[in-house]
Amino acid sequence: MTEMKETAFIMQNVSQRSLIVMDELGRATSSSDGFAIAWSCCEHLLSLKAYTIFATHMENLSELVTVYPNVKILHFDVDIKNNRLDFKFQLKDGARHVPHYGLLLAEVAGLPSSVIETARNITSRITEKEVKRMEVNCLQYQPIQMAYHVAQRLICLKYSSQDEDSIREALHNLKDSYIHGRL
């Protein structure tokens, strides 16, 4: 309840001048409800153009980048050596998927091997379904994202101080990039 009240306060008092830092929103409820709340809060904050830092373990939230070009995904670097986690404490660009990160943590914490093995079997089945769903979502939102990128670049060109030939060349390159799906 505390998490929801704090989130409600943020959502009711946010402005374009706000800096919002949210850490692990949605952990106090079921996975599906938590994800839905986190996603909808992100969309709300994006619509208000508030600068937001959103820390989460929910890898599916990185799909926001396929819909919103103003979303930037970062991660803290970690290496895996001999099935052990080596934390680098460095912020890096892009999403970083560490296969079975939670299971590796469980091993480090000392959970019984039988529990970890059962968890591996369960997560394997869940992961297969999630991968298929993510592939469909990326394909579904790609045209929307491309159209947004074209519109964004056209607006930049409209207010550009470049000469007519440079703008014509930029428009030609934009058209070529759009036709060949390189946006």
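This passage describes the fold, the surface and selected residues of a predicted model.

The model is predicted, and local features were considered at pLDDT of at least 70, side-chain atom pairs only at pLDDT 80 or more, whereas totals for chains, interfaces and linings use all residues. Residues are numbered from 1 along each chain as its sequence is written, and side-chain values rest on heavy atoms, with hydrogens and water left out.

The chain contains 6 helices and 4 strands; these elements are DSSP runs numbered from the N terminus, helices being H or I runs of at least four residues and strands E runs of at least two. Along the sequence, the elements are arranged in the pattern α-β-α-β-α-β-β-α-α-α. The radius of gyration of the chain is 21 Å, while a compact globule of 183 residues would have a value near 16 Å. This quantity is taken over C-alpha atoms, and the globule rule is 2.2 Å times the number of residues to the power 0.38. Along the principal axes, the C-alpha atoms fill a box of roughly 70 × 40 × 30 Å.

Contacts (heavy atoms within 4.5 Å) were examined between residues at least 6 apart in sequence, and 42% of them join residues at least 24 apart. Of the 183 residues, 24% count as buried. Here, buried denotes a relative accessible area under 20%, exposed one over 50%, and partly exposed a value in between, with a 1.4 Å probe and protein chains only. The exposed area of the chain is about 13,200 Å², of which carbon and sulfur atoms supply 56%; accessible areas were computed by the Shrake-Rupley method with a 1.4 Å probe, and for residues only the protein chains shown count as cover. There are 20 positive and 22 negative side chains, and the centres of the two sets lie 0 Å apart. In this count Lys and Arg are positive and Asp and Glu negative, while His and the chain ends are not counted; each charge is placed at NZ of Lys, CZ of Arg, CG of Asp or CD of Glu.

A search of the whole structure yielded 2 aromatic pairs. The rings of Phe 35 and Trp 39 are tilted relative to each other, because their centres are 5.7 Å apart and their planes stand at 50°. Rings of Phe, Tyr and Trp (its six-membered ring) pair if their centres lie within 6.5 Å, and the planes count as stacked under 30 degrees, edge-to-face over 60 and tilted for the rest. Both Phe 35 and Trp 39 belong to helix 2 (residues 31-48), where they are 4 residues apart, about one turn of the helix. Phe 35 is partly exposed at 23% relative accessibility, whereas Trp 39 is buried at 18%.

The pair of Phe 87 and Phe 89 is also tilted, with 6.3 Å from centre to centre and 40° between the planes. Phe 87 is partly exposed at 37% relative accessible area, and Phe 89 is exposed at 71%. Phe 89 is located in strand 4 (residues 84-93), and its phi is near 55°, a positive value in a residue other than glycine.

A phi near 55° was also found for Glu 24, again a positive value in a residue other than glycine. Glu 24 occupies the loop between strand 1 (19-23) and helix 2 and is buried, with a relative accessible area of 18%.

Ser 166 lies in helix 6 (residues 164-179) and is partly exposed, with a relative accessible area of 27%. Ser 166 and Arg 133 are 33 residues apart along the chain, and 42 Å separates their C-alpha atoms.
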